Structures are given as C-alpha cells and as structure tokens.
Amino acid sequence: MHVHPYERAWIIVSVALLMVFGVAIVVSSLSMGIQIPGLSARLAPVSPDGFASDEPWVRQLGPGRYEANVFAQMWAFQPSEIRVPAGSTVTFYLHSRDLLHGFKILDTNVSLMAIPGQVGKVTATFNQPGEYLIVCNEYCGVGHQAMFGRLIVEEPSATL
Ligand SMILES: [Cu+2]
C-alpha cells in the first residue's frame, strides 16, 4: 500500500504526540499526586463512630488529618467555610442535595462533581496557608455564579 511521504510523516508525528501526552499524564499524576475523584458510596454512609453523615461537618481524625462532609445544593456549600492548619491532609466526602454541582477548590488539584445519590471522595494536602475559594464549576441554575465556599488554611501557630 502506498502512503504519501507527507501522510506518513503526519502519522508518525501524531503517534509520537499521543505517546508524549500519555507519558505526561502518567508522570504528572505520579509526581504531583493527581488522583481521579472516586465514587465512595451510593448512599450516605453511616459512620461507625456515630457521626451523622447526612449533615455537614468537619472533624479532626488525628494530627494533621481531617475529614469534611460537604453538601452541595442550590446555591451553596455546607459547610460554607472549612478551616484547617497548614500541612493538613483533608478527605472530602461530597454529596448533592438536589442536582448536579461541581466542587472546585481554586489553585489546587481538587475538583469533583457532586452527583445526586452518590458520595464523591477526594483527599488532598494543603501546605500553603491562605484562603482558597471553593466554586461550583457545573452550571446548576440561576444562582450558580453565587455558589461558593471557602477553605481557610491557617498558619500552624494560629491553631495552637
Ligand atoms: Cu453551579
């Protein structure tokens, strides 16, 4: 079969680019700790230690380890403000009370969808103190642009 030299060159370039992109995805996900948000549960889980999982909360599991049970609804996040000390690792459990929402913490790798009937789970470590805006990045109605929360990463000394 005859393949024109230009076409052959473009095929080689295309395949090489795909391989470069594939390697870039693997390397960046391993080196930057990027993880795909996973499905944690289909229904609100019942916590074995008595924490109600059908309401918003933030709790400390141990030194530098936190969990946040977050609800998205038209047009707010609950809790609207989460405070953790710098260096903390936080596992977010994300629920939707009504329809599809997004949960994006700006300037971080955290981004997942709040899907009704499912619990999204993602874990991230926040080393840089500051105030991080949490926005909904899935259009969810007329109040979508006003749907936001805050993650406040405090200087370690501020929480002692
Ligand atoms: Cu929205």
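**View 1. Five strands form an open sheet in the order β5-β11-β10-β7-β8, with mixed pairing.** Strands here are DSSP runs of E with at least two residues, helices are runs of H or I with at least four, and both are numbered from the N terminus. Two strands count as paired if DSSP finds at least two bridges between them. At the edges lie β5 and β8 (111-114), each of which pairs on one side only. Neighbouring strands of the sheet are turned by 20° against each other on average, direction ignored; the angles are taken between axes, lines fitted to C-alpha atoms (for helices, over the stretch in contact), and run from 0 to 180 degrees between N-to-C directions. Please keep in mind that this is a predicted model: local features need pLDDT of at least 70, side-chain atom pairs count only at pLDDT 80 or more, and totals for chains, interfaces and linings use all residues. Residues are numbered from 1 along each chain as its sequence is written.

**View 2. Here we follow strand β11 (residues 148-154) and its partners.** Strands of a sheet pair through backbone hydrogen bonds, either parallel or antiparallel, and β11 lets you see both. Strand β5 (residues 81-85) runs parallel to β11, joined by five bridges, and P85 stands opposite E154. Strand β10 (residues 130-135) pairs with β11 in the antiparallel sense over six bridges; here L133 has R150 as its bridge partner. G149, L151 and V153 make up the covered face of β11, while F148, R150, I152 and E154 make up the uncovered one. One step further along, β7 (residues 101-105) and β10 run antiparallel and share two bridges, with K104 opposite V135.

**View 3. The largest nonpolar core has 24 residues.** Such a core is a set of buried Ala, Val, Leu, Ile, Met, Phe, Trp, Tyr and Cys residues joined through C-beta atoms within 7 Å. A residue is buried if 20 or more other C-beta atoms lie within 10 Å of its own, exposed if 12 or fewer, and partly exposed in between, with C-beta atoms placed from the backbone. V70, A72, V84, F92, L94 and F103 have the most contacts inside this core. Two or more residues come from each of β3 (65-73), β5, β6 (88-96), β7, β9 (119-126) and β11. Zoom in on A72: leaving aside neighbours within four places in sequence, A72 is in contact (C-beta atoms, placed from the backbone, within 7 Å) with F77, L94, S96, H101, F103, A114 and C136.

**View 4. Helix α1 (residues 5-31) lies largely in the open, because the number of buried residues among its 27 is zero.** The expected span of a helix is 1.5 Å times one less than its number of residues. For α1 this gives 39 Å, which agrees with the 38 Å between its end C-alpha atoms. After α1 comes G33, with a positive phi near 70°.

**View 5. Some loops hold backbone details worth a look.** In the loop between β3 and β4 (76-78) you will find W75, and the peptide bond from M74 to W75 is cis, with omega near -10°. Another cis peptide bond joins Q78 and P79, with omega about -5°; P79 lies in the loop between β4 and β5. The loop between β7 and β8 holds D107, which is not a glycine and yet has a positive phi of about 65°. D107 is exposed, with 11 other C-beta atoms within 10 Å. In the loop between β7 and β8 you can also spot T108, which is partly exposed and touches A124 and Y132, not counting residues up to four places away in sequence.

How values were computed
Two residues are in contact if their C-beta atoms, placed from the backbone, lie within 7 Å.
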